[in-house]
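Biologist: I'm new to reading structures, and I'd like to look closely at a single part of this one. Could you pick one spot inside the protein and walk me through what surrounds it?

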Amino acid sequence: MIQYEKINDDLNLPIKLIRFEGDICEPIHKHWHNSLEIVLPICGAEYGWVDGKYHILYKENSLPLIINSRSIHAFESGRPKPYIGLALQINYHFLKEVYPEIDHIYFKQPDEEVGTLIKKQLFLINEYYETDSNHKDLLIYSALYHLIYLLVEHLSIEKKDKVELKSEKNKHRITSIINYIDNNYHEDLTIKVLSDVFHLSEDIFLNSLKKILV
């Protein structure tokens, strides 16, 4: 079963910044989460798999890789090698507050021009994490809002095949499923277990899960 990853935000901020540095060999298997994720390789050669498409993560002047909310993704490496990189995960609920139409769009991969602008904001956020200022959260928010602006302004595309939720009942069900998985991710959440929790047949539950992963 594809794993759900619970994201715990940093410093009471709506983001989590992950720094990679060292020899990487073990793959990160297919998983998904609500958070939007931006992966930036700085040194080393890795491969990413996002919604069925492979991406070379590092090459000269590498670009950030955008992983949309609820996209199934994985990472792999052929052999141990030094790797340096950043990954920024942005809380879905925060994105929803900042940009209420987030459920109706997805972000395409950036070209060199926009990718360079996004890299600048990622490096700024990384720098601001290390500052000694008592108000560094304001610095982080300034770069974060600029980053979200770049995503929405230059990379957003309306979902053509989006599944419209036809009733408040369906909206409530999907919200409840997401919240339950988020609170119980450490347990063995098989389709049967989850369908029993929500008193649904496995087929109906799978249809609801597909709407979550659209």
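Modeller: Happy to! Let's start at Ile90, which sits in strand 9. Keep in mind as we go that this is a predicted model. Ile90 has a relative accessible area of 0%, so it counts as buried.

What does Ile90 touch, once its neighbours within four places in sequence are left aside? Its contacts are Pro14, Ile15, Ser35, Leu36, Leu95, Leu144 and Leu147. Here is a nice example of how a chain folds back on itself: Ile90 and Leu17 are 73 residues apart in sequence, yet their C-alpha atoms are 8.9 Å apart in space. The chain as a whole shows this too, since 76% of its contacts with a separation of 6 or more are between residues 24 or more positions apart.

Now zoom out a little. Ile90 belongs to the largest nonpolar core, a set of 31 residues, and it is listed with Ile15, Phe107 and Ile118 as having the most contacts inside that core. Several elements supply at least two residues each: strand 2 (15–24), strand 4 (36–43), strand 9 (81–90), helix 1 (92–98), strand 10 (105–107), helix 2 (112–129) and helix 3 (136–155). The largest share, nine residues, comes from helix 3. If you are wondering about the general idea, nonpolar side chains in soluble globular proteins tend to be buried together.

Helix 3 deserves a moment of its own. With 20 residues, it reaches 28 Å from its first C-alpha to its last, close to the 28 Å expected at 1.5 Å a residue. Its buried residues are Ile140, Ala143, Leu144, Leu147, Ile148, Leu150, Leu151, Val152 and Leu155. To read such a list, remember that an α-helix has 3.6 residues a turn, so residues three or four places apart point the same way. Try it on Ala143 and Leu147, both of them in the buried list.

You have already met Leu147 as a contact of Ile90. Leu147 also touches Ile118, whose other contacts, not counting residues up to four places away in sequence, are Ile38, Pro64, Pro110, Leu150, Leu151 and Leu155. A second, separate core has 12 residues, including Trp32, Ile177, Ile191 and Leu200.

Let's return to where we began and step along the chain. Asn91 is in the loop between strand 9 and helix 1. Is Asn91 buried or exposed? Its relative accessibility is 18%, and because the cut-off for buried is under 20%, Asn91 counts as buried. A polar atom of its side chain lies 3.1 Å from the backbone nitrogen of Phe94.

For another polar side chain, look at Lys159, in the loop between strand 11 (156–158) and helix 4 (168–183). Lys159 is buried yet has no salt bridge, and the nearest side chain of opposite charge, that of Asp103, is 6.0 Å away. The side chain of Lys159 does, however, reach the backbone oxygen of Asp103, at 3.4 Å.

Finally, here is the wider setting for your tour. The chain has six helices and 11 strands, and 42% of its 214 residues count as buried. Ile90, at 0% relative accessible area, is one of those buried residues.

How values were computed: Residues are numbered from 1 along each chain as its sequence is written. This is a predicted model: local features need pLDDT of at least 70, side-chain atom pairs count only at pLDDT 80 or more; totals for chains, interfaces and linings use all residues. Side-chain values use heavy atoms; hydrogens and water are left out. Helices (H or I, at least four residues) and strands (E, at least two) are DSSP runs, numbered from the N terminus. Buried means under 20% relative accessible area, exposed over 50%, partly exposed in between (1.4 Å probe, protein chains only). Lys and Arg count as positive and Asp and Glu as negative; His and the chain ends are not counted. A salt bridge is a side-chain nitrogen of Lys or Arg within 4 Å of a carboxyl oxygen of Asp or Glu. A polar contact is a pair of N or O atoms within 3.5 Å; within protein, one must be able to donate a hydrogen and the other to accept it, and residues adjacent in sequence count only if both atoms are side-chain atoms. A nonpolar core is a set of buried Ala, Val, Leu, Ile, Met, Phe, Trp, Tyr and Cys residues joined through side-chain atoms within 4.5 Å. Contact means heavy atoms within 4.5 Å. The expected span of a helix is 1.5 Å times one less than its number of residues.
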